[in-house]
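The following exercises concern one protein model. Each task is followed by a solution worked step by step.

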Amino acid sequence: MTAHHPLHNPSFLKLLSFRLQAVLAYQIMAVVVGWHIYELTRDPLSLGLIGLAEVIPYFSSALFAGYAVDHYSRRMFGVMASVLLTLNAGMLVAVSYGLLPGNPTHWIYFSIALVGLARAFIGPSFSALFALVLPREQFAKGAGMGSSVFQLGIVLGPALGGVLVGWAGIGVAYLVATVLAASASIALMMLRVEEPPPAESAPVFASIREGLKFVYSNQLILGAQALDMFAVLFGGAVSMLPVFVHDIFHAGPEGLGILRAAPAVGALVTGVYLARHPINKHAGRILLTAVAGFGVCIILFALTTHFWVAAALLALSGMFDGVSIVLRATILQLMTPDAMRGRVSAINGIFIGSSNELGAFESGVAARLMGLIPSVIFGGMMTLTVVAATARLAPKLRQLHLHQIH
């Protein structure tokens, strides 16, 4: 008998536990690595290189990860990725205590590359398992809850990472991330789900091409993904937060944790609200308006010199971004055939993941060339330009009502 609410479904709860702990581990590592690298180099470009180090292996392996998840075990690849995340966090512990020879920054960048590889498998595994543990009529609510859990991890992870660095040191923060990643793998191993038999082993590149063709021929999915990708690519200021904290707000690692967590606080509030009140009518217009609001918040953030005003603006940007996250996830789940969920999720991950990491690199380069504040203002203005272009080029997305998707 199907549970009437996603939270009454034990398998869904275990899947959410896996997601929360994996996100916590990753976010703690992300905030601590940013602080660690900037302490070692005092160079904004070195923060941008963190994004580049992660996106190259992520981009190179994501499509193959989607193929593997669609054709083999969804759960197994999620477990393997969590184990890799655990080993990676352990490597960072060793770096922080000087247990590895050579330049510590090289080890940190190598570790971040392994994170990119692990994340390439985590997203498709979660998306494919999501569709197995929930009935279709619960997808909208489930997407809101999944987004809330994801944002909760993004709230708690940076805050916890900042507090741990300030109170106990970098090594302890990395050690906590190691424990959380290991616990995520255990949660997924405990998940009992009836997976469909392995799909017929189509040629790898032909199968990947099929997934790409599906996405690029679907204006709703492509428009939503491209909108988020380019908005975050230009408008994301998170990678430069260590510079703002050090040089403008003159705060410590706790301040970095607060600012890193602020957007996710806003997104968490949005996710909780949308889980209870799912958007249906005018979903496309709401999506475009939300991304435009995100861009405006980033411009205002760049202009303020007050720490708590900056935190409030980042939280508001997260509220707008949370609308985008939930709507994009709902569109993706409703429109993707079951047999292609891994590949489509992987392609979505390339759009979203590459925008975050390439956006970090773009922010580092722009800050070096234009200066910190002008580069962030420029990024926010480019986000508004992307919204206008998407509204014009993707009319089906602009006019979307979710009840129209069958």
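Helices (H or I, at least four residues) and strands (E, at least two) are DSSP runs, numbered from the N terminus. Residues are numbered from 1 along each chain as its sequence is written, and side-chain values use heavy atoms, with hydrogens and water left out. The model is predicted: local features need pLDDT of at least 70, side-chain atom pairs count only at pLDDT 80 or more, and totals for chains, interfaces and linings use all residues.

**Exercise 1.** Determine how many helices and strands the protein has, and what percentage of its residues count as buried.

Solution. The secondary structure comes to 15 helices and 0 strands. Buried means under 20% relative accessible area, exposed over 50%, and partly exposed in between (1.4 Å probe, protein chains only). Of the 406 residues, 59% count as buried.

**Exercise 2.** Compare the expected span of helix α1 with the distance between its end C-alpha atoms, and state how many of its residues are buried.

Solution. The expected span of a helix is 1.5 Å times one less than its number of residues. For the 32 residues of α1 (residues 10-41) this should give 46 Å, and the end C-alpha atoms are 46 Å apart, which agrees. Next, 23 of the 32 residues of α1 are buried, so the helix is largely enclosed by the rest of the structure. After α1 comes arginine 42, with a positive phi near 55°.

**Exercise 3.** Identify the contacts of histidine 246 beyond its neighbours within four places in sequence.

Solution. Histidine 246 lies in helix α9 (residues 241-248). Its relative accessible area is 18%, so histidine 246 is buried. Contact means heavy atoms within 4.5 Å. With neighbours within four places left aside, histidine 246 is in contact with Trp35, Tyr38 and Arg42. Tyrosine 38 is 208 residues from histidine 246 in sequence, yet the two are 9.3 Å apart in space, C-alpha to C-alpha.

**Exercise 4.** Establish which helices each supply at least two residues of the lining of the largest pocket, and where that pocket lies relative to the domains.

Solution. On a 1 Å grid over the protein atoms alone, a pocket is an open set of points where a 1.4 Å probe fits, with protein on both sides within 12 Å along at least five of seven lines; lining residues have an atom within 4 Å of a point. Helices α5 (139-167) and α10 (253-276) each supply at least two lining residues, and the largest share, 5 residues, comes from α5. The lining includes His5, Leu16, Met145 and Arg276. Domain bounds come from an automatic or database domain assignment. Domain 1 (1-201) and domain 2 (203-405) both give residues to the lining, so the largest pocket lies between them.
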